Amino acid sequence: MTVKEAVRARTESAYEVRGGDESRDEGEHTSPGTSAATAATVAAGRAVQELGLRRSEFELAVHLGLIAVTAGPGGRPRVREREIARLREDPGFPDGLAERVRTVGTAEGAALLGIVPARFTRLARAGCVSPVTFYLNRYRAVVWLYLADELASFAAREPELLAGRTPLGMRTMLEAGGDRRARNWRTQRIDRLLKRTADPWARAAVEASALDAAHLAEVVEDPYERAYLARVRPEPVFGRPGSVAARETMGELMLADDPDEILWRRINLTLGLDLAREERPAPHPGDDPGARMPPAPDSTSRVARPQALPIAETAPSSPAGETSSGPREPGGKRLLARLGWRRPSDG
């Protein structure tokens, strides 16, 4: 099976069950003359109160896929009453849900693991633990936050990293100035956005969001395709930074900065574009507006069950197989040429 076929198979399997569940959800609690978007739903503020969460905890739970929301009038998120009932029926409610979204900074995270803050920072920089969100302090410096639940799981899984000498490979990486916190945050954020949509153009747009304008133009040469990717890119229902400084910081953090990460995102975008173009071409001036309209966006944010298997974040050495324009050239040369990367032997 080629890389492209594997991506297609995993995408389709992840949403096959989800699509059926969501169509049933949309059909329930709806009577003639009643909007499906507002039937048996409550506003986010009301849901926060009924679930006993703080607003920030509620927004993080939505971002993590723990609480399903649906778009109401004006695009405002609403929560179905049956979703609130499901969460309230959990044996651990309300403390269980609040604990799953509890975040800690470096000092509290180090105390939770029983280590000094300096060692916690080194573990985070090495990628052993991944931040889930961030905020800017009064000096406009990024302060990463971590899920307490994930830190506890890490401590149980890797106790040898909490004491003793740091492994040689990790030590070498840290001494060279390596820091995987932003990259891990990007990866998790992109993965969560990908789980919320099956539309191939929207999925390609999510991959494109990690590339700066120069890299994006090299991979997507058609300016109309680039404009379409910007238009259909899904955004989190919650979690958008409020201040201008925070929005600018998020814009910077969203961009891949390591050469291997950039190459990986370019490959993912290239393969995603192949699937999207097979589904439908991007609209161009003069096109029939009705002929190339994308399917209606999925208004429900939920965790897909079953979820797609994760794809290892390593670039394939020689993608093979058929594309819409014919067979690939041997050794992945055609793909590398489309990525704009040249081998040393190519001059």
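The exercises below, each with a worked solution, concern a predicted model of one chain.

**Exercise 1. Describe the chain as a whole by its secondary structure, its burial and its contacts.**

Begin with the secondary structure, where the chain holds 16 helices and nine strands. Turn next to burial: of the 347 residues, 42% count as buried, and the surface that the chain exposes comes to about 18,400 Å², with carbon and sulfur atoms supplying 53% of it. Finally, take the contacts between residues at least 6 apart in sequence, among which 73% join residues at least 24 apart.

**Exercise 2. Work out which residues of helix 13 are buried and which exposed residues its opposite face carries.**

First, locate the helix, which spans residues 223–232, and list E225, Y228, L229 and V232 as buried, that is, under 20% relative accessible area. Second, consider their directions: these four residues cover an arc of only 105° around the axis, which puts them on the same side of helix 13. Third, look at the face turned away from that buried side, where the exposed residues A230 and R231 are found. Fourth, ask what the buried residues pack against, and the partners prove to be helix 11 (200–208) and helix 15 (259–279). Last, inspect the N-terminal end of helix 13, which is capped by D222, a side-chain oxygen of this residue lying 2.8 Å from the backbone nitrogen of Y224.

**Exercise 3. Classify the aromatic pairs W144 with W185 and W201 with Y228, and state where in the chain each partner lies.**

The structure holds five aromatic pairs, of which two are treated here. A pair of aromatic rings is described by the distance of the centres and the angle of the planes.

For W144 and W185, the centres are 6.1 Å apart and the planes make an angle of 50°; since an angle over 60 would be needed for edge-to-face and one under 30 for stacked, this pair counts as tilted. W144 belongs to strand 6 (residues 142–147) and W185 to helix 10 (residues 181–195), so the pair ties together parts that are 41 residues apart in sequence. Both W144 and W185 are buried, and ring pairs link them with F134 into a cluster.

For W201 and Y228, the centre-to-centre distance is 5.3 Å and the angle between the planes is 70°, and the pair is edge-to-face. W201 sits in helix 11 and Y228 in helix 13, and the pair thus links distant parts of the chain, 27 residues apart. W201 and Y228 are both buried, and Y228 is one of the buried residues of helix 13 listed in the previous exercise.

Key: Residues numbered from 1 in each chain as written. Predicted model: local features only at pLDDT ≥ 70, side-chain atom pairs only at ≥ 80, totals over all residues. Heavy atoms only, no water. Buried < 20%, exposed > 50% of the residue type's maximum accessible area, 1.4 Å probe, protein only. Helix = DSSP H or I, 4+ residues; strand = E, 2+ residues; numbered from the N terminus. Arc of directions from axis to C-beta. Contact = heavy atoms within 4.5 Å. Polar contact = N/O pair within 3.5 Å; in protein donor to acceptor, adjacent residues only side chain to side chain. Phe/Tyr/Trp six-rings, centres within 6.5 Å; stacked < 30°, edge-to-face > 60°. Areas by Shrake-Rupley, 256 points an atom, 1.4 Å probe, with all protein chains shown as cover.
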